[in-house]
Amino acid sequence: MAQTEKIEGVVAQFENPATLIKAAQKMRDEGFRDWDTHSPFPVHGMDDAMGTPRTKLGWMVAMIAFCGTTGAYLLQWWTSAVDYPVVISGKPFNSVPAWVPVMFELSVLAAAFASVIGMLAFNMLPRYNHPVFNSENFVAKHMDDGFFVSVEATDAKFDQEKTVEFLASIGGSNIELLLADG
Amino acid sequence: MSAHTETSEPPLITGTQSFHTVSQRISEVTEARIQGTPKLWWVLMVISLLALANLGASIAYLFWEGIGIWGVQNPVGWGWAIVNFVFWVGIGHAGTLISAILFLLRQRWRTSINRFAEAMTIFAVICAGLFPGIHVGRPWVAWWMVPYPNQMGIWPNFRSPLLWDMFAVGTYFTVSLLFWYTGMIPDLATMRDRAKNKIRKISLGVFALGFRGSGKQWQNYEKTYLILAGISTPLVLSVHSVVSFDFAVSLVPGWHTTIFPPYFVAGAIFSGFAMVMTLAIVARTVYKMEDFITLKHLENMNKIILLTGSMVGYAYGCEFFISWYSGNDYERFAFINRATGDYAWAYWTMISCNVIFPQIFWFRKMRRSILVMFVISIIVNIGMWFERFVIIVTTLANDFMPSAWDYFTPTFFDISILVGSFGLFLTLFLLFLRFLPMVAIAEIKGVLPQADPHFYEEKH
């Protein structure tokens, strides 16, 4: 059976957030790359334990927010001062102070879309399926009260037997191989 | 005992909760079959649907006959429709305050109430958006407010506060919706994995987007949540400021004041918290969520109601003083007329509901009594509706020329559309309670003591 079906990874369960953090530190120090931790809520200190670099989402959102500001200015300037200037209350055609509220609102709107769409893109979501969902125990527990470490077969260090042994040595239980056709 | 547990505050969530009981308790509400839905929910739903049907019928007649069916007349051209608009937008502000500002201030008690406060925001903004739409007279061309290239070759006037308002409220609705949905993704994933039947599996699977709670996903997720909180904070302050510009930028005495933006924002948060309070008590009673929405949460909200109510009271005093101090006869008259003129009954209703009654929350016993806080929350909502009525109607009814003065009287349809908007609001809210996680599951787990990795230190 196991020889004919492709192994896509392995998943191991841990007892609580503290043991998950310790396991993550050991996984990081062992030099795994295509691996992840899973918890029903964000565990404090996990980024350091996993050695995940800071996300670049903030910079991306800031740039897109600035595009929103500029876009709003250009829209108001072009429609009111270039395309169809109308004298209203004797104000200048390019009444910059009056453009501020719309510039602010469109910056916020752009930033909000950028952060949500950016978050999904950085997380590679939406995604139809993932090898970890082939484990019934994982599906039942990972967003409820289970804490897991998963390693994908694409990792250079992945070795069916050695990885399972390593996960057991750092305290993992319910270790399951993830089959391609689960 | 580790130093951490000794210094930490008393638990935010009561009852003996494990991670699993939190998922169970909150998800089971949405998983119940028809027979499992509380009777009180059905009673409220039937009442709400009747009010909603009344809204539909009234609006149909309004479109058929025109806005003459309302009491709006010269000189009061902005009647109840605009009062209701400002009222509903204001209600929405508490949701964003709870989800964004209290998040940035690390007020962890917000986790129990943020989800339904955010839902309330969205539904309140829907109700608010309805009113300008049906007030424009020709609602079938309401989309002319949007700047798009058209065959007439013209553009909206970007110097107009009414246009700023459209952008502010539109942005507010969109950002609130994104914030609400983003917050719900992990909870939808929890419910997806618990789903038994095919319809739930597919629909929750689609909306959970394949989220799998991974460390790398949580990192980006938390960053997004922080960014949304960070941008929603100035946004919520801007929205009611822009709403107040609708008045402050005009030259009408009683409206043309610089105090309006902060005064409107304080009032909005005040009224919104009162509405969150009303709804929290309803949700807690219908679904027995006392472990999650504890007396401590309600007491904290009462403190905010007391604070913002006093700020509103200060603003009333301040604008009255400044109108006298300005030496401008029209300004002085506008305020003295509010307190002593034809609408004195509305002014003093406003003062007693907003400034006097909430002072009862100085007493701890009153802050912790469910009955008292429920009654006060309703009183505050009435008072804040009257605040907008006083600002809009008294000002327009008696402006510069006594020959142009008139007394505004609402008609049957003014009342029926206001009642109907509550029907729309409550119908949406009850559907939300029944079908979506009313409390943020993942966030509640995050504030349980056992979620902290240091909780386990003594054992190892």
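## Chat about a predicted two-chain model

User: Hi! Which residues of chain B are linked in a network of salt bridges?

Analyst: Hello! In this predicted model, a network of salt bridges links E299(B), R364(B), R367(B) and R368(B).

User: Nice. How far apart are the closest N and O atoms of R364(B) and E299(B)?

Analyst: They are 3.9 Å apart in that salt bridge. The pair links distant parts of the chain, with R364(B) in helix α13 (residues 364-367) of chain B and E299(B) in helix α10 (residues 295-325), 65 residues apart.

User: And what about E299(B) with R368(B)?

Analyst: Those two also form a salt bridge, and there the closest N and O atoms are 2.6 Å apart. R368(B) sits in the loop between α13 and α14 (370-397) of chain B, 69 residues from E299(B) in helix α10.

User: Is E299(B) buried or exposed?

Analyst: E299(B) is buried, because its relative accessible area is 7% and the cut-off for buried is under 20%. Its partners differ in label: R364(B) is exposed at 51%, while R368(B) is partly exposed at 29%.

User: How many salt bridges are there over all chains?

Analyst: The count comes to eleven over all chains. Another one joins the side chains of R194(B) and E31(B), at 3.0 Å from N to O.

User: Which parts does that pair tie together?

Analyst: R194(B) lies in helix α6 of chain B and E31(B) in helix α2 (residues 19-31), so the salt bridge ties together parts that are 163 residues apart in sequence. R194(B) counts as buried at 16% relative accessibility, whereas E31(B) counts as partly exposed at 26%.

User: Switching to the interface. How many salt bridges are there between chain A and chain B?

Analyst: Zero between chain A and chain B.

User: OK, so how much area do chain A and chain B bury between them?

Analyst: About 5400 Å², with 67% of it on carbon and sulfur atoms. Three residues of chain A, namely F41(A), E105(A) and M143(A), supply 12% of the area that chain A buries against chain B, more than any other three residues.

User: How many residues take part from each chain?

Analyst: The contact takes 68 residues from chain A and 55 residues from chain B.

User: Which residues make the nonpolar surface patch of about 780 Å²?

Analyst: That patch has members from both chains: Y84(A) and V86(A), together with V136(B), W143(B), W144(B), M145(B), V146(B), M152(B) and I154(B).

User: Where is Y84(A)?

Analyst: Y84(A) is in the loop between α3 (57-83) and α4 (96-122) of chain A. With 38% relative accessibility, Y84(A) counts as partly exposed.

User: Anything odd about the backbone in that loop?

Analyst: S89(A) is one to look at: it has a positive phi of about 50° although it is not a glycine. S89(A) is also in the loop between α3 and α4 of chain A, and it is exposed, with a relative accessible area of 61%.

User: What about N174(A), where is that?

Analyst: N174(A) is in strand β4 (residues 173-179) of chain A. Its phi is near 45°, again a positive value in a residue other than glycine. N174(A) counts as partly exposed at 46% relative accessibility.

User: And cis peptide bonds? What is omega from L125(A) to P126(A)?

Analyst: Omega is near -5°, and that peptide bond is cis. P126(A) is in the loop between α4 and α5 (136-141) of chain A. In chain B, the bond from N74(B) to P75(B) is cis too, with omega near 0°. P75(B) is in the loop between α3 (39-65) and α4 (80-104) of chain B.

User: How is chain A split into domains?

Analyst: The domain assignment gives domain 1 (7-52 + 127-179) and domain 2 (57-122). Taken over C-alpha atoms, their centres are separated by 44 Å.

User: Last one: what does W180(B) touch?

Analyst: Not counting residues up to four places away in sequence, W180(B) touches R115(B), E118(B), A119(B), I122(B), F432(B) and L436(B). W180(B) is in helix α6 (residues 161-194) of chain B and is buried, with a relative accessible area of 9%.

Conventions. Residues numbered from 1 in each chain as written. Chains lettered and ligands numbered in written order. Predicted model: local features only at pLDDT ≥ 70, side-chain atom pairs only at ≥ 80, totals over all residues. Heavy atoms only, no water. Patch = residues over 30% accessible without salt bridge, like charges linked within 9 Å, V, L, I, M, F, W, Y side chains within 5 Å. Areas by Shrake-Rupley, 256 points an atom, 1.4 Å probe, with all protein chains shown as cover. Salt bridge = Lys/Arg side-chain N within 4 Å of Asp/Glu carboxyl O. Helix = DSSP H or I, 4+ residues; strand = E, 2+ residues; numbered from the N terminus. Buried < 20%, exposed > 50% of the residue type's maximum accessible area, 1.4 Å probe, protein only. Domains from an automatic or database assignment. Contact = heavy atoms within 4.5 Å. Buried area = accessible area lost by both parts, 1.4 Å probe.
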